[in-house]
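Please open the structure in your viewer and keep the selection panel at hand. The stops below are meant to be taken in order.

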Amino acid sequence: MDNFQKDIDERANLTLSNRFELLLFRLGSSSPEEKPELYGINVFKLREIVPMTAITKAAGMKPPLLGMANIRGQVIPVIDLPAVAGCTPSTGLNLLLVTEYARNTQAFAVESVDNIVRLEWSKVHAAEAGVSSRNITSIAMLENQEQGSNMALVLDVEQILYDIIPSARDVKTEQVKNKTFSMRPGSIAIVAEDSKVARSMLEKGLSGMGIPAELHNTGLEAWEKIKILAQQAQAEGVPIRDKISMVLTDLEMPEMDGFTLTRNIKSDPRLKEIPVVIHSSLSGSANEDHVRKVGANGYVAKFEINELSSVIHKVLEEANVQRTA
């Protein structure tokens, strides 16, 4: 147990150095002539890997949902990941990746697992740079792979779940419209989020709150914009919060993760007063501890609009109290 906890602590500490661990796996090929692509997901989202087990298909359940499986007493949905990616596994669906995303547990059926690699987020690039699939969020550049592959396609699991599970598409903003959020006229929220569907949901949610926002695909993009606004504020002789009301950031992002973005903001005297809320599908006490270490003002596990609005309301109010104290 001590070694197991040590492994978890070591893995969690990678987030403080803009690094993470990626599980590499294969789904098969889109045609017999093609070599199977490498895919990846963040190990932090992986609960366990188990051999394929008995699956019960419920009435009305349609592909790519295979059915429900009982994993250690918990009945969870099983998704045919090769079918989602348009691949055909040559040896069948042999393993289940049991994952935790956005407060839910599900299993993804895959053909095989390769290994786990440690990477810097700077080695991960936004998928818009060269991959058109709606289910790929980024491309990880690998080194020293025995199989010769030099990249892995990182899955946008939030998009996959959004497409497959109807309840994941519902973002109700009616209950948040009556709240008043303390922002200075003309200021905007800077949002960093690499998942296309998550960006869309956040855009809708913030609009419902009446919060003007500018959305960015990566932490690095958001950081560059923040520095530009800081220079403008300095040149005009106004406080930074006249330009930026708050920053809302994901944790897992190409080029720069949310922890590094937050640490950059809080360590810069010009920016440290900006409220930062981390909004992530990565949950658990380890991440919450890191949120406190890097100085973020709030943390919300994806995606519950009322909880998000409550945290945003709280941190904006606290920031205004600190400014006037």
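The tour passes through the cores, the aromatic pairs, two individual residues and a sheet. The model is a predicted one.

**The largest nonpolar core**

Begin by selecting Phe-25, Tyr-39, Ile-41, Leu-81, Leu-97, Phe-108 and Leu-155, which touch the most other members of the largest nonpolar core, a set of 25 residues. Next, colour the elements that each supply at least two residues of this core: strands E1 (19–26), E2 (38–42), E6 (95–101), E7 (104–110), E10 (136–141) and E11 (151–155), together with helix H3 (157–164). The largest share, four residues, comes from H3.

Now centre the view on Leu-97. Beyond its neighbours within four places in sequence, Leu-97 is in contact with residues including Leu-23, Phe-25, Ile-41, Phe-108 and Val-110. Among its other contacts are Glu-48 and Gln-106. To find another core, apart from this one, select Ile-188, Ala-230, Ile-244 and Ile-274, which are among its 19 residues.

**The aromatic pairs**

How many aromatic pairs does the structure hold? There are two. For one of them, select Phe-20 and Trp-121: the ring centres are 3.8 Å apart and the planes lie at 10°, so this pair is stacked. Phe-20 belongs to strand E1, whereas Trp-121 sits in the loop between strand E8 (112–120) and strand E9 (124–126), so the pair ties together parts that are 101 residues apart in sequence. Phe-20 is buried, at 5% relative accessible area, and Trp-121 is buried at 6%.

Then move to Phe-25 and Tyr-39. Their ring centres are 6.3 Å apart and their planes at 20°; this pair is therefore stacked. Phe-25 lies in E1 and Tyr-39 in E2, so the pair links parts 14 residues apart in sequence. Phe-25 has a relative accessible area of 0% and is buried; Tyr-39 is buried as well, at 5%.

**Met-151**

Select Met-151 in strand E11. Is Met-151 buried or partly exposed? Its relative accessibility is 29%, so Met-151 counts as partly exposed. Setting aside neighbours within four places in sequence, its contacts are Glu-37, Leu-38, Ile-139, Ala-140, Met-141 and Leu-142. A distance label between the C-alpha atoms of Met-151 and Lys-123 should read 9.8 Å, although the two residues are 28 residues apart along the chain.

**Thr-262**

Go on to Thr-262 in helix H6 (residues 258–266). With 0% relative accessibility, Thr-262 counts as buried. A polar atom of the Thr-262 side chain lies 2.8 Å from the backbone oxygen of Gly-258. Outside the neighbours within four places in sequence, Thr-262 is in contact with Thr-249, Val-276, Ile-278, Val-294, Gly-295 and Ala-296.

**The parallel sheet**

Finally, display the open sheet of five strands, which pair in parallel in the order E13-E12-E14-E15-E16. Strand E13 (213–216) and strand E16 (298–301) stand at the edges with a single partner strand each, so one side of each is left without a neighbour in the sheet. On average, neighbouring strands here are turned by 20° against each other, direction ignored.

Within the sheet, zoom in on strand E14 (residues 244–249) and strand E15 (residues 276–280), which run parallel and are joined by three bridges. Leu-248 stands opposite Val-277 in E15. As a last selection, show helix H5 (residues 219–236), which lies across E12 (188–192), E13 and E14 and runs at about 155° to E12.

Note on methods
Residues are numbered from 1 along each chain as its sequence is written. This is a predicted model: local features need pLDDT of at least 70, side-chain atom pairs count only at pLDDT 80 or more; totals for chains, interfaces and linings use all residues. Side-chain values use heavy atoms; hydrogens and water are left out. A nonpolar core is a set of buried Ala, Val, Leu, Ile, Met, Phe, Trp, Tyr and Cys residues joined through side-chain atoms within 4.5 Å. Buried means under 20% relative accessible area, exposed over 50%, partly exposed in between (1.4 Å probe, protein chains only). Contact means heavy atoms within 4.5 Å. A polar contact is a pair of N or O atoms within 3.5 Å; within protein, one must be able to donate a hydrogen and the other to accept it, and residues adjacent in sequence count only if both atoms are side-chain atoms. Rings of Phe, Tyr and Trp (its six-membered ring) pair if their centres lie within 6.5 Å; planes under 30 degrees apart count as stacked, over 60 as edge-to-face and the rest as tilted. Two strands pair if DSSP finds at least two bridges between them. Axes are lines fitted to C-alpha atoms, for helices over the stretch in contact, and angles run from 0 to 180 degrees between N-to-C directions.
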